[in-house]
Amino acid sequence: MSHRIHALPSQLVNQIAAGEVVERPASVIKELVENSLDAGARLVDVDVQQGGIKRMRVRDDGQGIAREDLPLALSRHATSKVASLADLEGITSMGFRGEALPSIASVSRLSLISRERNAEQAWQIDGEDADPLPAAHPVGTSVDVRDLFYNTPARRKFLKTEKTEFRHLELVLRRLALARFDVGFSLSHNGRQVFSARPADDARSREKRIVELLGQAFIDNSLRFEHEAAGLRLWGWIGLPTFSRSQADMQHFFVNGRMVRDKLVSHAIRQAYQDVLYHGRHPAYLLYLELRPQLVDVNVHPTKHEVRFREGRLVHDYLFRTLHQVLADARPEDVLEGDPGNPPMRRSPGTDNQSGNSPIPVREEKAAYQPSLAWQMPAPRAHRQDRPGPPPAVSDQEESAQNPPLGYALAQLHGIFILAQNQAGLVLVDMHAAHERITYERMKLALAGQGIRSQPLLVPVVVKASPREVELARENRKWLANLGMEVDVLSKDSLVVRAMPALLEGADAEGLLRDLLADLVTHGSSERLREAMNEVLSTMACHGSVRANRRLALEEMNALLRDIERTERSGQCNHGRPTWVQMSMADLDKLFLRGR
C-alpha cells in the first residue's frame, strides 16, 4: 500500500459522506422531506416498500428545480440555501450543506424528477453523471430511492428487520408532521396508507393532528401555553405530572421548526418538573422554541439533531422559569398528586386550609397491604434496649420468630416511612420502595415459570391511545398476555384492558398499559424487550406497590417487614434506592451526645 498522499475518487468521497448522514432508511426520509419543506411544499407524500430498504419515494408540490440545476443537485457542496458567511450564521432552512442528495445517490439507485412553477416541462435525472431527460410530472419534485446500500453490503448488514426500519422511518415523519402544522403529510407502506394529515392552519385542526400523532390522552392531560420574553418565544403543550411516562418516548422539542435533542434543554425541563414528578418518571411534552437564527448554531452535527445556543444560560433559565410557572399555575386538582399508579386526588372547593398549612392527604383504604403469606404478630414481649447488637440470623428459625431482623413496627411517619424497632435499634423503611422490590421479585419468579397469572377486571377499562400505540398493542398481544395483561383493540385510537396481573390487584390499569406501551415504543418490539425484561418488570412492580400517603395498620406494617426479610437482604429496590436503613443504638446515642 502506498503512503503517498492522493485525492480520493468522488464516488468514495460521497460514500464516506453518506456514512455521516445516511444511517438507515429513516435518515433518507428525513433529508428528503426537509428538502421538500425548504422548497415551500404544502403537501408531502411518502411511499415506501419493505421498510424503505427496497424503495422510498418522496413527492412534493414545492417550487421545483430548474433543468440546468438538476446535475448540481447531485453534486457535493452545491446548494441554493447558502451563498455567504452571513447566510451560514443565520440559517433559516432545514438543510444547507448540499451533501444529502449526492450521499444518498452514492449508496442507492436514485432518480430525481422536477418541474418548476410556470415551466411547461418536467425533467428527470438518474444518477450523478446522467443528463436530464424530459418527463411527465406536476409542479414540484419527486425523489425515488431504490435498493439502499446495494453497493455497500457491509452497511446493509447493519439494517434491522423491515418492521423495525419502518418504525424508525414512521417516527421521523410523524415528528416532521409535528414540526410543520402548515404542511400536509401522508405515508404509505407496501401499498397501505399508514397516516394522512391535512394542513392544519388553526388551533382546532392543530389539536386534531396532535391527537392523530400522539393520541387523545396527550391533549386531555396537557396544558396549552404561550410565552414570550427577552427575544424568545416558547409555546406548546406540557403534560401534567399525572401523565408522566416510564420512558422518555413522548418528548418533542423544536427549535425554529427543527427537531432537536439538546442536553441544555433536557436539563431545564427536568428542573421545571423536579418538584412535581416522581423519581424515575419522564414528562410528556410538545414544545416549540423560536428565536433569532443568529442566536442558535445548527451547524454542529452532520444530522443537525444537536444545536448550540449562543446564550445558553439565558435559554436555560427562560425554559426553566416559563415551564415551572406554567406547572405552578395549573389547577390544584390537576397537580395535587403526581402518582403514576393512581388517579389524581381532587379537592372539593373550599377545603384548603386558609392558614397555608394544608394537612397531609391520607387515604383511608382497607387492606392497603396484602402479605404474601398469613402472618400473625407474636405476643408482645419486653425488648432489652441495653443490648444493642446485630439482628439475629434468619436461618435460626426459633430465634428469628422472636427477634426478626427488621423487628416490629412502631408507627408510620407522614404516610411514607415505617418506624420499626429491632434488637440493634431503629429501622426506617420506605414503604413504596420495599413493596416494589417484593412485587418485582414475585413477578420475576412467576415469569420464569408459566407466566404471570391474570385476573379479569369486573369493569373493563377503555384507554385512549395513539394509532401507533394501538398497532403496537395489536402486534404484541401475546407478549402482554404473558405479563398478565389482556388487551383488545376497540378502534384505531382506543384499547380496552380486560384483565390485569393478579399480583397487581388494585393498580391503575390505564397507567400500567401506557407505561408498557411506552416500553414497546422505546424498544421497538417484544423481541428487544426480552433483553430489557428487568426494566419492564420494574415498571410493573412500581404500579403494584403501596403508595405514599396510605395509612397502614400495625399488622399490615409488620406483614410488610416479614415479606422484606423473605425477599431481599441487600436493602435496595430494583431501581437501586434503599428500601430500609438500620440505625443502631450507638448511632442514636451520637445524635443526642449520649455516652454509654
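This is a guided tour of one predicted model, moving from the whole chain to its sheets, helices and selected residues.

The model is predicted, and local features need pLDDT of at least 70, side-chain atom pairs count only at pLDDT 80 or more, and totals for chains, interfaces and linings use all residues. Residues are numbered from 1 along each chain as its sequence is written, and side-chain values use heavy atoms, with hydrogens and water left out.

**The whole chain**

Begin with the entire protein chain, whose secondary structure comes to 21 helices and 22 strands; helices (H or I, at least four residues) and strands (E, at least two) are DSSP runs, numbered from the N terminus. Of its 596 residues, 48% count as buried, where buried means under 20% relative accessible area, exposed over 50%, and partly exposed in between (1.4 Å probe, protein chains only). Among the contacts with a separation of 6 or more, 70% come from residues 24 or more positions apart, a contact meaning heavy atoms within 4.5 Å.

**The eight-stranded sheet**

Select next the open sheet of eight strands, which has the order β5-β4-β3-β6-β2-β1-β7-β8 and mixed pairing; two strands pair if DSSP finds at least two bridges between them. At its edges stand β5 (133–135) and β8 (192–197), each with a single partner strand, so one side of each is left without a neighbour in the sheet. On average, and with direction ignored, neighbouring strands of this sheet are turned by 15 degrees against each other; the axes are lines fitted to C-alpha atoms, for helices over the stretch in contact, and angles run from 0 to 180 degrees between N-to-C directions.

Follow the pairing from the β5 edge, where strand β4 (residues 122–126) and β5 pair in the antiparallel sense over three bridges, with Ala122 opposite Ala135 in β5. Then show helix α2 (residues 25–38), which packs on the sheet and touches β1 (43–49), β2, β6 (140–146) and β7 (184–189), its direction making about 10 degrees with that of β2. Helix α7 also lies across β1, β2, β7 and β8, and runs at about 175 degrees to β7.

Now isolate β6, of whose seven residues six are buried, so that this strand is largely enclosed by the rest of the structure. Strand β3 (residues 109–115) pairs with β6 in the antiparallel sense over seven bridges, and Arg115 stands opposite Gly140 in β6. Six bridges join β2 to β6, again running antiparallel, and here Asp60 is placed opposite Thr141 in β6.

**Two charged residues to select**

Arg55 lies in strand β2 (residues 55–60), and because its relative accessibility is 17%, Arg55 counts as buried. Leaving aside residues up to four places away in sequence, Arg55 touches Asp47, Val48, Gln49, Asp144, Val145 and Arg146. Pro25 and Arg55 are 30 residues apart in sequence and 9.1 Å apart in space, C-alpha to C-alpha.

Glu170 is found in helix α7 (residues 162–179) and counts as buried at 8% relative accessibility. With residues up to four places away in sequence not counted, Glu170 touches Leu187 and Val194.

**The five-stranded sheet**

Move to the open sheet of five strands, ordered β9-β10-β13-β11-β12 with mixed pairing. Its edges are held by β9 (222–229) and β12 (258–259), each with a single partner strand, so one side of each is left without a neighbour in the sheet. Strand β11 (residues 251–255) is joined to β12 by two bridges and runs antiparallel to it, with Val255 opposite Arg258 in β12. Helix α8 (residues 203–214) packs on this sheet, touching β10 (232–239), β11 and β13 (285–290), and its direction makes about 50 degrees with that of β10.

**Helices α15, α14 and α20**

Select helix α15 (residues 467–475), whose buried residues are Pro467, Arg468, Glu469, Val470, Leu472 and Ala473. What covers them includes α7, α8, α16 (477–482), β20 (486–491), β21 (494–501) and α17 (509–523).

For the last stop, display helix α14 (residues 431–448) with helix α20 (residues 554–567), which pack at an angle of about 50 degrees with their axes 10 Å apart. The two helices are therefore oblique to each other, given that angles under 35 degrees count as roughly parallel, over 145 as roughly antiparallel, 65 to 115 as roughly perpendicular and the rest as oblique. In their contact, Met431, Ala434, His435, Arg437, Ile438, Glu441 and Arg442 in α14 meet Leu560, Asp563, Ile564 and Thr567 in α20. These contact residues divide into five nonpolar, two polar and four charged, where Ala, Val, Leu, Ile, Met, Phe, Trp, Tyr, Cys and Pro count as nonpolar, Asp, Glu, Lys and Arg as charged, and the others, Gly among them, as polar.
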